[in-house]
Amino acid sequence: MKALFRINLILSLLIALPLVVQAQDPRLQLNSLDHLTAKANQTVDVNVDERLMKMASKLFNEKDVDEAQVKKLVAGLKGIYVRSFEFETEGQYSAADLQTIRTQLSGPGWTRMVNVTSKKEGNLEVYLLFNGDVVGGLAVLHSDPKEITVVNIVGPVDLDKLASLEGQFGVPELGIEKTKKNDEK
Amino acid sequence: MKDDYLWDKTGQPDLEIQELEEILGKLRYQPRPLDLPVSRQRSYFPLLAIAASVLLALLAAGVWLRVRNQSAPQPQQAEVIPAPSPVEEKKPEQITSKVVPQEVVAVNHRHRHRPVPAALSKQEREEALLAKQQLMMALRLTTEKLSLVHRKTQNTTPANQIKNQHRVG
């Protein structure tokens, strides 16, 4: 009887495990936005998984200070995924399109750190996925009447390292201070 | 009456005792091999059922993960897809001006033709170069958006305060 109970427990854990993994998955499912490609004036679709990340890392020159920084930043990452759509006219995407992303970001682990609403720039939301005290993922959701952009970084994102990229390789000046993260906490 | 028969079966046998001996003698210990009860046939059905359930659960999880991974297409390069436009001639200008305005500003030309490590094959090298381009585009876009957030959240300069005060007043 005891053995049967143990087996049942293991069985239940095995069944529940995928659900738990799904619940805290730092990777967002962005396929729901694919239908916007036909309507968009311009589409950016970036899918760099861990394998490609490692391959790309081999091309960074460690002797070069700038590239070494990028290499350090992406070293622990599991993937970067971007979907960005720019439209000629307003109203090309619906609130439901955004909701599919927000629903995923309302799952356990995700915390909305910043939510900026601006008439000119639209709505900007920054989410972080925490695994305990460690950041396990980052998501940026930007929507204005003519644009929708979702950035999803999977893995331990180091905001300090990200800030250190500013001004390099075409990366604009961020102005993120090293202490900003601590201030936010 | 002597009780020797009762103690050591010597002397005159007592009829009553003999009679009792006959009756109880049937219950006397008789050496014989141990006869254990036949164990009942063990049924393996519950164990098999559990094993089958576990297998099914594992299979289902595997299939689910596979389908989930397959449903997420992973193109190997960044795409900039122009939408069909009534005036075809203007399209390239629109794209170049809109796609990556920062690219022209800060592309690192120093490392454009850096030799790639020899460990990668030609195909891998091409793949890695594409991945690097994608990576840089993604980082550029990410930092651009974060920069925007930063500007918005830190937009409490004295100039704005005065502006707001002026509006209110």
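Let's start at helix H2 of chain A, which spans residues 50-57. In this predicted model, the buried residues of H2(A) are A:Leu52, A:Met53, A:Met55, A:Ala56 and A:Ser57. What do these buried residues pack against? Within chain A their partners are strand E1 (42-49), helix H3 (65-75) and strand E2 (79-86), and from chain B helix H6 (122-153) joins in.

That partner from chain B deserves a look of its own. The axes of H2(A) and H6(B) lie 8 Å apart and make an angle of about 100°. Angles of 65 to 115 degrees count as roughly perpendicular, and H2(A) and H6(B) are therefore roughly perpendicular to each other. On the H2(A) side, the residues that meet H6(B) are A:Leu52, A:Met53, A:Met55 and A:Ala56. Facing them in H6(B) are B:Glu124, B:Glu127, B:Ala128, B:Ala131, B:Lys132 and B:Leu135. Sorted by character, the residues of this contact are seven nonpolar and three charged, with no polar ones.

If you would like one residue to follow here, try A:Ala56. Leaving out residues up to four places away in sequence, A:Ala56 touches A:Val48 as well as B:Ala128, B:Ala131, B:Lys132 and B:Leu135. A:Ala56 also appears in the largest nonpolar core, which has 46 residues. Together with A:Val48, A:Ile80, B:Leu135 and B:Ala138, A:Ala56 is among those with the most contacts inside that core. Which elements supply at least two residues each to this core? They include E1, H2, H3 and E2 of chain A, along with strands E4 (122-131), E5 (134-144) and E6 (147-154) of chain A and H6 of chain B. The largest share, 10 residues, comes from H6(B). As background, nonpolar side chains tend to be buried together in soluble globular proteins.

Further along H6 of chain B you will find B:Leu148. Is this residue buried or partly exposed? B:Leu148 counts as partly exposed, because it has 19 C-beta neighbours inside 10 Å and a buried residue needs 20 or more. Neighbours within four places in sequence aside, B:Leu148 is in contact with A:Glu121 and A:Leu124.

Back in chain A, H3 is another of the helices that H2(A) packs against. The buried residues in H3(A) are A:Glu67, A:Val70, A:Leu73 and A:Val74. Looking down the axis of H3(A), these buried residues fall within an arc of 120°, so they line one face of the helix. An α-helix has 3.6 residues a turn, so residues three or four places apart point the same way.

The loop between H3 and E2 of chain A holds A:Lys78. A:Lys78 counts as partly exposed, with 17 C-beta neighbours inside 10 Å. Although 25 residues separate A:Lys78 from A:Met53 in sequence, their C-alpha atoms are 7.5 Å apart in space. Beyond its neighbours within four places in sequence, A:Lys78 is in contact with A:Glu50, A:Val154 and A:Gly155.

Stepping back to the whole of chain A, you can count six helices and six strands. From the N terminus, these run α-β-α-α-β-α-β-β-β-β-α-α. Chain A has 185 residues, and 35% of them are buried. Of the contacts in chain A with a separation of 6 or more, 57% are between residues 24 or more positions apart.

One last stop is B:Lys9, in the loop between helix H1 (4-8) and helix H2 (15-25) of chain B. B:Lys9 is not a glycine, yet its phi is positive, at about 60°. B:Lys9 is exposed, with 10 other C-beta atoms within 10 Å.

Technical notes. Residues are numbered from 1 along each chain as its sequence is written. Chains are lettered from A and ligands numbered from 1 in the order in which they are written. This is a predicted model: local features need pLDDT of at least 70, side-chain atom pairs count only at pLDDT 80 or more; totals for chains, interfaces and linings use all residues. Helices (H or I, at least four residues) and strands (E, at least two) are DSSP runs, numbered from the N terminus. A residue is buried if 20 or more other C-beta atoms lie within 10 Å of its own, exposed if 12 or fewer, and partly exposed in between; C-beta atoms are placed from the backbone. Two residues are in contact if their C-beta atoms, placed from the backbone, lie within 7 Å. Axes are lines fitted to C-alpha atoms, for helices over the stretch in contact, and angles run from 0 to 180 degrees between N-to-C directions. Angles under 35 degrees count as roughly parallel, over 145 as roughly antiparallel, 65 to 115 as roughly perpendicular and the rest as oblique. Ala, Val, Leu, Ile, Met, Phe, Trp, Tyr, Cys and Pro count as nonpolar, Asp, Glu, Lys and Arg as charged, and the others, Gly among them, as polar. A nonpolar core is a set of buried Ala, Val, Leu, Ile, Met, Phe, Trp, Tyr and Cys residues joined through C-beta atoms within 7 Å. The arc is that of the directions from the helix axis to the C-beta atoms.
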